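I opened my notebook for a first walk through this structure. Have a look along with me, and I will jot down what I looked up.

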Amino acid sequence: MSTSREILNFNTGWRFIDQDLGEAKKRDFDDSGFEDICLPHSNRTYRHHYFTEERYRFISWYRRPFYLDKAFEGRKIVVEFEGVMTVATVFVNGQVICEHKGGYTGFACDVTHAVTFGGQNVIAVKVDSRCREDVPPEGGNVDYMQFGGIYRDVRMKFLDPLNIRDVFVIPEEIGREAAEIRVEADIENLYESGREFTLYTRIVDQNGNTVSKEQSQSNIAAKSGGKIEVIHHLQNPELWHTSNPYLYTFEVEIVDQGNILDSMADRFGVRKVEFRKDGRFYLNNEPMKLRGLNRHQVFPYLGAAMPDRVQRKDADILKFDLGLNFMRSSHYPPDPSFLDRCDEIGLLVFEEFPGWVFVGDEEWKNVAKQNLREMILRDRNHPSVILWGVRINESFDYHDFYVETNRLAHELDPTRPTGGVRYFVNTEFLEDVFTVNDFEKNREGKLHTPTHVPSLVTECMGHMFPTKSYDREERLIEHAKLHARIQSCQYGISNLAGVCAWCAFDYYTTSVFGAGDHICYHGVCDVFRNPKFAAHFYRSQMDPKISVELFIARYLTPEFNDCGDALTVFSNCDRVDLYVDQQLFDSQAPDTAEYPNLPHPPFTFTGIQASFKDKRPTKEEATYEWNEMAWALGRWLGQMISKIEAVGFIDGKEVVRHSIEMFGRATRVVLEPDDTELFADGTDCTRLVVRVLDEKGQALPLSHTAVSFEISGPGKLIGENPLSVERGMGAVYIGAARNTGGIEVRAMAEGLEGDTTQIRVLEMEKKTVPIKA
Ligand code: GAL
């Protein structure tokens with residue numbers, strides 16, 4: 001067996017009980033009454049709304065037997081938890097190993113001295129998911145659900161006693177011709193004697209070519225640790241950018257007399273981020289307006305316990321479906337796989353430590369500082385992360401505490417600025433960037449001009465204009481237009497770095513917030529990540545070279561509504577022609593009067609009613625005298641128009657079309673899985689979007705049809721069955737079992753044509769820790 005590091009998946013083979021059984025820590029405890037589960041795991045499952053936070057607030061136990069081969073003897077053995085909500089106490093063979101407070105950051109338990117080699121072991125974790133007022137964010141009322149369980153991945157690491165504890169890669173002196181990369185390796189020597197070794201460090205490009213390599217002779221005294229610094233020089237480096245998210249790999253190896261004792265590799269990007277005194281944000285010396293949305297990590301049915309695939313998909317939705325260049329991880333560090341994906345696709349991130357409004361006593365602050373440390377040490381090699389949030393979101397001034405959080409952030413990462421999110425302007429500004437929630441004038445589509453530089457608006461909208469996907473069309477339009485006007489406003493403020501509006505997805509909240517069903521309908525997408533009209537506005541701001549967008553923000557219905565005679569089209573084209581029943585009605589340029597500063601102002605069409613005046617019934621046909629108003633209100637679209645089509649042009653060339661038609665009858669159910677392949681690891685899953693369509697293929701906004709599912713093969717349905725759709729849409733998730741094969745999902749609704757979809761379950765990639773010899 002090679003002595004170099006090994007990392008095994010430790011997500012499978014767990015047993016769970018939703019009770020506090022203290023004896024469960026013991027190695028020989030009879031856990032036959034426990035449920036077989038895999039991680040990530042939620043201590044409860046839920047309907048998609050109308051449940052309370054009390055459901056997940058309890059103590060539970062997780063147990064997992066494991067066998068360690070004798071060959072591992074002499075190695076350091078660490079169990080790494082990515083996130084346990086909220087307080088975890090870890091036992092191995094009955095012995096307490098560690099306690100960790102805070103569900104949003106990971107921790108490592110050194111179990112070396114508690115395990116038996118060549119024999120059976122048991123790890124047991126007591127998970128306290130109650131409202132722990134000693135742990136951020138709790139202490140006051142919190143506007144989001146925490147959920148509970150071992151809800152992120154767990155792995156076991158086998159290391160040589162001489163090993164790499166951590167590597168920090170710092171791109172310095174970054175230019176197009178050359179860059180200097182400082183690699184700081186933190187090495188631990190657990191041997192009884194001092195050790196000499198060679199440290200090899202390499203930088204490898206995306207084609208697998210080593211573009212720089214260095215080696216240095218070092219030694220570390222017995223039972224101690226030390227940092228080794230190596231400088232690499234890159235010629236003509238490929239710079240990481242939102243439009244070119246180029247990732248290099250760094251490799252670090254400890255070699256002693258030809259043997260590799262330990263090695264590790266990870267990715268990084270060569271890029272320079274600055275918030276300058278002119279108020280603007282610069283990426284690689286070029287100014288860039290940050291256009292973002294906030295994201296909570298919560299999902300229907302499983303709370304926060306979604307596997308990497310679903311976490312990564314959220315990053316894709318933000319970047320590709322919503323066209324953002326920026327997001328805020330409110331109000332805590334996200335799953336590590338989310339940030340990996342942000343690195344890969346070029347989505348900038350403001351990451352903040354856990355907390356919400358409340359600040360507790362000294363002990364509480366110590367946990368907060370520990371969580372801050374864990375966040376920065378975990379994430380400082382991610383090129384996507386551009387700013388650390390070191391002030392509890394919307395808290396008052398706590399001078400000493402925030403002096404310390406700023407100091408800590410700068411010490412652990414001298415390369416990134418800090419921000420501290422506030423909603424009072426007259427609060428102490430201890431950070432590098434003035435990050436402020438600006439709600440006051442949102443309903444007029446406005447923001448304040450910055451009071452400090454550099455400034456970043458970290459929230460706006462949200463509770464100022466909650467909007468459900470199935471709200472009246474007037475509200476959906478107004479919601480979208482307010483986002484558009486606020487973003488237009490920010491593009492007009494040259495010394496404002498950007499705006500990160502509230503928020504991307506509707507989210508689960510506690511009893512004192514939200515719409516009464518424990519959802520805050522503040523998203524531009526619903527909890528299923530299905531878009532509202534406002535999502536189409538964001539999407540329309542994308543560079544048309546990447547994706548051409550066009551969306552008529554309107555339904556076509558016979559009945560009068562309050563939408564008036566104006567019609568808004570979100571598009572990144574430079575001209576839009578509007579056809580009403582095949583007849584060219586009007587041709588418009590972007591509406592720069594209403595949205596003067598946006599990269600791609602929406603298009604406004606007016607006067608459709610007026611143009612149909614000639615279709616007004618004649619005096620003879622009319623049963624009574626029509627006045628102008630009654631005609632306009634009562635009869636305008638419904639009986640005159642059956643289709644409106646928008647055609648988008650760029651440089652005079654037609655590039656895209658979108659049409660809306662008078663709604664027909666409910667005809668069929670369609671299924672749209674995000675993925676068609678999963679891994680057989682017991683928790684991998686994918687979203688399955690469900691839509692109820694009319695014969696023209698339009699999702700029916702007033703449909704609450706109940707859709708039922710049948711599933712066969714190695715998988716399970718995660719979600720309500722039947723599911724009543726909202727606005728003709730909804731979603732369930734399809735989870736993989738531990739065996740491979742084909743899953744088939746069938747969806748049915750009474751009187752409608754159904755649909756089926758297939759998902760293949762493949763052998764999982766990673767080796768797992770054995771349960772038995
Ligand atoms: C903010 C807060 C967010 C969310 C939002 C609602 O004040 O920071 O977490 O509660 O209000 O729109």
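**Ground rules.** Buried means under 20% relative accessible area, exposed means over 50%, and partly exposed lies in between, with a 1.4 Å probe and protein chains only. Helices (H or I, at least four residues) and strands (E, at least two) are DSSP runs, numbered from the N terminus. Two strands pair if DSSP finds at least two bridges between them. I note that this is a predicted model, where local features need pLDDT of at least 70 and side-chain atom pairs count only at pLDDT 80 or more, while totals for chains, interfaces and linings use all residues. Residues are numbered from 1 along each chain as its sequence is written, and side-chain values use heavy atoms, with hydrogens and water left out.

**Entry 1: strand β18.** I started with β18, residues 248-256, and found it mostly covered: seven of its nine residues are buried. Then I looked up its partners. Strand β15 (residues 195-204) runs antiparallel to β18, and seven bridges pair them. Here isoleucine 203 has phenylalanine 250 of β18 as its bridge partner. Strand β19 (residues 259-268) is also antiparallel to β18, joined by nine bridges. In that pairing I found isoleucine 254 matched with aspartate 262 of β19. The hairpin of β18 and β19 has two residues between the strands, and glutamine 257 takes a positive phi near 45° there.

**Entry 2: strand β7.** How many of the residues of β7 are buried? I counted six of six in this strand, residues 87-92. A reminder to myself: in a regular strand the side chains alternate between the two faces of the sheet. In β7, Val87, Thr89 and Phe91 lie on one side, Ala88, Val90 and Val92 on the other, and all are buried, so both faces are covered.

I then followed β7 to its neighbours. Six bridges pair it with strand β8 (residues 95-101) in the antiparallel sense, and alanine 88 has histidine 100 of β8 as its bridge partner. Two residues sit between the strands in the hairpin of β7 and β8, where asparagine 93 takes a positive phi near 50°. Strand β10 (residues 119-128) pairs with β7 as well, antiparallel and over six bridges. Across that pairing, threonine 89 stands opposite lysine 126 of β10.

**Entry 3: cysteines.** A disulfide is a covalent bond between the sulfur atoms of two cysteines. The rule I used is a pair of cysteine sulfur atoms within 2.5 Å. How many disulfides does this rule give? The count comes to one. Cysteine 98 and cysteine 109 form the disulfide, with their sulfur atoms 2.3 Å apart. Cysteine 98 belongs to strand β8 and cysteine 109 to strand β9 (residues 107-110), with their positions 11 residues apart in the numbering. I looked up their cover too: cysteine 98 is buried at 17% relative accessible area, and cysteine 109 is buried at 1%.

Why is cysteine 131 without a bond to cysteine 520? The sulfur of cysteine 520 is the closest cysteine sulfur to that of cysteine 131, but at 17 Å it is too far for a bond. Cysteine 131 counts as partly exposed, at 29% relative accessibility. Cysteine 500 is in no disulfide either, and the nearest cysteine sulfur, in cysteine 460, is 8.4 Å away. Cysteine 500 is buried, with a relative accessible area of 0%.

**Entry 4: two open sheets.** I turned to an open sheet of four strands, in the order β36-β35-β38-β39, with antiparallel pairing. Its edge strands are β36 (583-588) and β39 (653-661), and each pairs on one side only. Inside this sheet, six bridges pair strand β35 (residues 575-580) with strand β38 (residues 643-650). One bridge there matches valine 580 with isoleucine 644 of β38.

Another open sheet has three strands in the order β20-β21-β22, and its pairing is antiparallel too. Here the edge strands are β20 (273-275) and β22 (286-287), each pairing on one side only. Three bridges join β20 to strand β21 (residues 281-283). Phenylalanine 275 has phenylalanine 281 of β21 as its bridge partner.

**Entry 5: a last stop.** I looked up phenylalanine 424 and found it in the loop between β27 (418-419) and β28 (434-437). Phenylalanine 424 counts as partly exposed, at 39% relative accessibility.
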